[in-house]
Amino acid sequence: MQSWLQNLDLLIKARTPLIWIKSKEEERLFRVLNSACERLNKKRVISWDCVNGIQGSLNDERKFSNNPKGILNWINEQNNSLSTILILKDFHKFYEDPTISRIIKELSFSLKETTHNIIFSSHIFPTSDELDELLNIIELPLPDQMELKKLIKNISVKTDSDLNDNDLNELAMASSGLSELRVRQVAARALTQRGKISRIDLKDIVEEKKQVIARSEILEFFESNSNQNDIGGLSILKNWLNQRYQAFSREAREYGLPLPKGVLLVGPQGTGKSLTAKAIAQSWSMPLLKLDVGRLFSGLVGSSEARTRETITRAEAMAPCILWIDEIDKGFGGDARSDGGTSQRVLASLLTWMAEKNSSVFVIATANAIDKLPPELLRKGRFDEIFFLDLPKSEERLSILDLHLKKRRPNYNFQLSTIVDRTSGYSGAELEQAVIEAMHYSFSERREISERDLIKAVSELVPLSRTAKEQIDLLKQWSSTGRARLAS
Ligand code: ATP
């Protein structure tokens, strides 16, 4: 049994009078509580909301609509032999009323002597400081793989959609991160269009997930069209990543390997850090969620931690996925004194999560500078590995130039050795820029690109390694102390 369910059972068994469950899935929560009721030999689950009043009790059906005080007094009067779980929906709208808050306080004592529990069901966490101490809070997690499989299987049986095991697994895997309601909505659309559900619906599921992510202001569902073949050089990093991918399998778990945590890529601008994140998502067929570190910190100080928690929850719900923290140095490089310690606390919760995480969320963090990175982030064990992406060596420049030329002018016909010799200190992005510039020259004369065009483009470009020499030397110095592995 999942740990949150065990926790719920324990709370109910221990006669905890007031339990707050945060969830948007009322129907599912009702089912969950009904199952708990059966497991724990409780007599009944009754629900109440301000429009429909009581539901589930023959004698009192629809009583106390619009009467939150009435329902609180009602549970207090119920006979002990009729052990009851009472679900109160949307009660956060009522507890600011002083009489109601007083009754709740008293119930927190009087119900201890009874076999009844009150479950407050709400889409938010309680916001009342006064009641906080009296409430036991649980967050209903989104459905896990087993529940999703069961749900999709049920729909498929009811609709005569003959799904094989493989399709069922893929659909369930793709649906992770969606609520039951959203999965049902996708299925309903598929049924209207095609009369059954099938693997064709994978596309709609991904679309639905994008919308869920779009509602989070911090995460962006990033479309990636690049794959590993688009990366020139960086062979050690590519091999390492391919090895780590295998460690996501069940076989690897059985072998005793832990789930991969993530990787930190450090290097000058334009050396392929972002490209690697995008390519990995494609090669591993996992959604790429880009975390906007700037937005994490924008707005009111204090709420950044809550946003971090929410972001982590969302990413976990999307697992298996890749969480890309771009320019991590920009977010956590702040001075603790200037932001009231917010960045320290956010970093601490991120690091704790990474240390304890046992979900298939692979973190790829990228940084241009190390002097601003907090040392705790660089400590061994935080990431599986830290890679330094240096400016490309000659054979890498050859492969990068060839890649970008072939992508745009597949029939180009000249040697690259001279250009390779003249581009020492150029980044991958600068080499790409030179190819495009050279194509402008040749295109203006409506002819095929030549070696001369590229030589000219290269000579007119001042690489960052010249303008930002100090910064790059600092990075090289740091990497040479053995604190990061070379990516190539
Ligand atoms: P920044 O630190 O500025 O974000 P970055 O290291 O993330 O830079 P990318 O955004 O990955 O650099 O690189 C920009 C572009 O340069 C890529 O989209 C790609 O077209 C090209 N490029 C960089 N490195 C390589 C490479 N090793 N192979 C092929 N193309 C590359």
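These legends describe close-up views of a predicted model.

**View 1. Four domains along the chain.**
The domain assignment splits the protein into four parts: domain 1 (2-139), domain 2 (145-215), domain 3 (228-388) and domain 4 (394-466). Look at domain 1 and domain 4 together. Their C-alpha centres lie 68 Å apart.

**View 2. The largest cavity.**
The model holds two cavities of 30 Å³ or more. This view shows the largest cavity, with a volume of about 110 Å³. Its lining includes Ile152, Ile155, Leu171 and Ser175. Leu178, Val183, Val186, Ala187 and Ala190 also line the largest cavity. Ile197, Asp201 and Ile205 complete the lining. Three elements give two or more residues each: helix 6 (145-158), helix 7 (165-175) and helix 8 (180-194). Which helix gives the most to this lining? Helix 8 does, with four residues. By class, the lining of the largest cavity has 10 nonpolar residues, one polar and one charged.

**View 3. The second largest cavity.**
The space here is about 30 Å³. Leu291, Leu296, Thr308, Thr311, Ile312, Leu323 and Leu350 form the lining of the second largest cavity. Helix 14 (residues 303-318) supplies the largest share, three residues. How many residues of this lining are nonpolar, polar and charged? Five are nonpolar, two are polar and none is charged.

**View 4. Helix 6 against helix 7.**
Both helices appear in View 2, where each gives two or more residues to the lining of the largest cavity. Here the focus is on how they cross. The axes of helix 6 and helix 7 come within 9 Å, and the crossing angle is roughly 125 degrees. Helix 6 is therefore oblique to helix 7. Why oblique, and not roughly antiparallel? Because an angle has to be over 145 degrees to count as roughly antiparallel, and those from 65 to 115 count as roughly perpendicular. The crossing of helix 6 and helix 7 is right-handed.

**View 5. Helix 18 against helix 20.**
Helix 18 (residues 394-408) packs with helix 20 (residues 428-444). Their axes are 9 Å apart, at an angle of about 40 degrees. So helix 18, too, is oblique to its partner, helix 20. The cut-off explains this, because only angles under 35 degrees count as roughly parallel. Which hand does the crossing of helix 18 and helix 20 have? Their crossing is right-handed.

Conventions: Residues are numbered from 1 along each chain as its sequence is written. This is a predicted model: local features need pLDDT of at least 70, side-chain atom pairs count only at pLDDT 80 or more; totals for chains, interfaces and linings use all residues. Side-chain values use heavy atoms; hydrogens and water are left out. Domain bounds come from an automatic or database domain assignment. On a 1 Å grid over the protein atoms alone, a cavity is a set of points where a 1.4 Å probe fits but cannot get out, and a pocket is an open set with protein on both sides within 12 Å along at least five of seven lines; lining residues have an atom within 4 Å of a point. Grid points are joined across faces, edges and corners, and a volume is the space filled by probe spheres set on the points. Ala, Val, Leu, Ile, Met, Phe, Trp, Tyr, Cys and Pro count as nonpolar, Asp, Glu, Lys and Arg as charged, and the others, Gly among them, as polar. Axes are lines fitted to C-alpha atoms, for helices over the stretch in contact, and angles run from 0 to 180 degrees between N-to-C directions. A crossing is left-handed if the near helix is turned anticlockwise from the far one by less than a right angle, and right-handed if clockwise.
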